[in-house]
Amino acid sequence: MALARPSISRRGVLVGALAGGGLAVGYLLRPRHFPLPLEPGRDEYAFGAWIKIAADGVVSVAVPQVEMGQGVTTLLPQIVAHELGADWRQVAVEPAPVSALYANAVLAAKWAPLWMPVMPGLAEAPEGMIARRWAEDHRFNVTADGTSLAAYEGPARAAAASARALLVQAAAARWKVAPEECEVAGGLVIHGDKRLNFGPLAAEASAFSPPDPPPLRPEAPAEKPGEFLPGAPLRYPRLDLPSKVDGSWTFAGDVRLPDMLRAAIRHAPIGKAEVSGLDENAAKGLRGFVRFVRGPDWVAALAQDWWTAETALTRAAPRFRVARGGDSGEIDAALDEAMAHGVPTRIHLAGDASAIEGALPVQIRYEVAPAVHATIETASATARLENGRLELWIGTQAPEAARAAAAKALGMRAADVVLYPMPIGGSFDRRLECAHAAQVAVLAREAGRPVQFTCSRRQEHFATFPRAPAVAVMAARPDAEGRPTSWRARIAAPASAREFARRFFSGDAPFDALDAVAEAADPMALEGAIPAYAVPNIAVDHIPAAIGLPTGRMRGNAHGYTAFFTESFVDELAHEAGREPLSFRMAMLGHDPRLAECLQRAASLAQWGGGGDNSGQGIACHVIGEGRIALVASARRDENGVRVDKLSAVADIGRIVNFDVARQQIEGGLVFGLGLALGCSPNYAGGRPDGERLSDLALPTLADCPEIEVDFIESAADPADPGELGTAVVAPAVANALYSATGLRFRRLPLFAEDM
């Protein structure tokens, strides 16, 4: 099923009319039934869409989100194990097939401005039912924005509670006792001295009718930070860890099919381009080479092995004719032009608008260059086309969009595409783009046999849409104590979220999407720009900038630069007023004690010395959704460049389901954010980046990684995603630390690009 176009349609108008009137209840609450997506194997029994129990007692949990390092294949099974009363040693995981039963309604509501740009607020009312209905209709189980727990904890717990009740019912019937007299723990149903494993009960339990509502346990799954001391064993070790250590974890590039060919590729520069020529005769003498395949803006080689295919392309030297392509100089000029002469759109206003207008006394400019993802695994996919059916083994964050892209490339129905979701070796939202699904589908058709396609590192860089660049002018009117009474953030940036939506939902070509939103205001491109501080008058303005280069989503998205703008500016205001940066922030956080506690705890953890001259310490904090983080960085700059010695972070992410996974996510986000602060930013010429290898991106190596301390605030609030918090807060903390160490302000990312 193709995803909906983000434009005004007859159906969209109808949905809006229904949401605004009395017909909404009947439309939205009409019962719906979907086929069960799980197919039990031999001696297995399905319990709804989430759980299978085998005769040997193994509990298999379906996970509808792709595992890309964030630990979702442990988190959701852990929730099921807690609610079911299963023994963790008998819990297994399997990727869930695409199904309406796994619709990510939480992400659909969050992305409503993208798929329902007219009156997107309707998607949240009544009670998010429109977003849920849309997500079910489009089988929207996209993995993004850290919504896995929010979207799936409830359904997974309900399924486990229902299965537990059925197992108890089966055991009670055997023992001829009341179900209320039984309990479940450690993978056993217990009544006095009687015990039964789940396995022998599964067949009988699956025949009972599930209870409505399911009897949830009183306590939701949670782990407390204080329970985990160094060296202590984990109650729920990651299920994917052993196979990732021994190399048996299977990625898309590990798939092996009979008679399979391998493919390498050459991409045109990012832009409007076409293949202008290649020397096909140059590869004829290569043993194992099969043929070349031309796409609209790419050339691939098919061979018996990947290296032969890559060698064939090198010899053939494909050439491309580029009609439009982005250049770094043009990008900077476009941002300058937008800031100087563009028309701002106010996306947020609080307080007195008249107090914000005009030339505020303090105005400081900050800049952020494009940044690329630098994923560990390059794009890879395997396809087989037989008897009118395409099978696709692919790592993607958006399986239904990938199916639609492959089907469109072959002119077939999406219903005739079978997608096997594979884990991803790091994505950072890079795998929301589905071009490789279309490419491998075409290659399988042209080859007439299975094909495995793998990008080289160089080609992965060439095909990547970078995170949007931005320029901000931050302005404030301080009071007598230096605290801002008026705050204005004016940010020039492309409408990156709307541009992504045109590609993702409408299937627009990159430059068609770019042109369609060139002058559009985009609130999602400025997420995180509203400061967390209590400032009486606040305005945030977006100035659309037509930079001539397509952009995409990345871990942290707009928070990755809006946090840099806000926290660098706050630090400058503090120093201008002669105030200590921590106490300056604390004085403006009386309304947010959770963020204030994060700051205090981070300062204590890092032995904060006040951020004075030559201390090399910098502090920053940020809020994403209901998650909060504070960070103290210790940094210096010497003849070898920037050196970050220590990062001390404290986060409040509400109830923590798995402490070890949460800590890994914060630590990983901090290292990823450090890469964005110090590198990850190629220069572009004609749509082609100058970096060809990971070593060209100035990424932090293991030797460069600082000492990292992470602590959490114990909280009973709903879980918040930890994955992007660390990414956003690193750059301003390091920039503030460098000011403390050197007296120089770094106002451009990446920081090493600053003129000294």
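These are my notes on one sheet and one histidine, looked up in a model that is predicted.

**Entry 1, the sheet.** I began with the strand order and found an open sheet of 4 strands, running β22-β23-β24-β27, in which the pairing is mixed. I then noted the edges, which are β22, covering 617-624, and β27, covering 707-712, each of them pairing on one side only. Taking the average over neighbouring strands of this sheet, and ignoring direction, I recorded a turn of 20 degrees of one strand against the next.

**Entry 2, the β22 edge.** I looked up how β22 is held to β23, the strand of residues 627-638, and found that the two run antiparallel and are joined by 8 bridges. As one residue to follow by eye, I chose C621, whose bridge partner in β23 is A630.

**Entry 3, the helix over the sheet.** I next asked which strands helix α20 lies across. Helix α20, residues 659-678, lies across β23, β24 (641-652) and β27, and I noted that the helix runs at about 135 degrees to β27.

**Entry 4, H267.** I turned to H267, which I located in strand β8, residues 261-267. Is H267 buried or exposed? I entered H267 as buried, because its relative accessible area of 9% falls under the 20% cut-off. Leaving out residues up to four places away in sequence, I listed the residues that H267 touches as D297, W298, F320, Q439, C455, Q459, A463 and R688. For Q439 I also recorded a polar contact, in which the side chain of Q439 and that of H267 are joined at 3.4 Å.

Definitions and conventions:
Residues are numbered from 1 along each chain as its sequence is written. This is a predicted model: local features need pLDDT of at least 70, side-chain atom pairs count only at pLDDT 80 or more; totals for chains, interfaces and linings use all residues. Side-chain values use heavy atoms; hydrogens and water are left out. Two strands pair if DSSP finds at least two bridges between them. Axes are lines fitted to C-alpha atoms, for helices over the stretch in contact, and angles run from 0 to 180 degrees between N-to-C directions. Contact means heavy atoms within 4.5 Å. Buried means under 20% relative accessible area, exposed over 50%, partly exposed in between (1.4 Å probe, protein chains only). A polar contact is a pair of N or O atoms within 3.5 Å; within protein, one must be able to donate a hydrogen and the other to accept it, and residues adjacent in sequence count only if both atoms are side-chain atoms.
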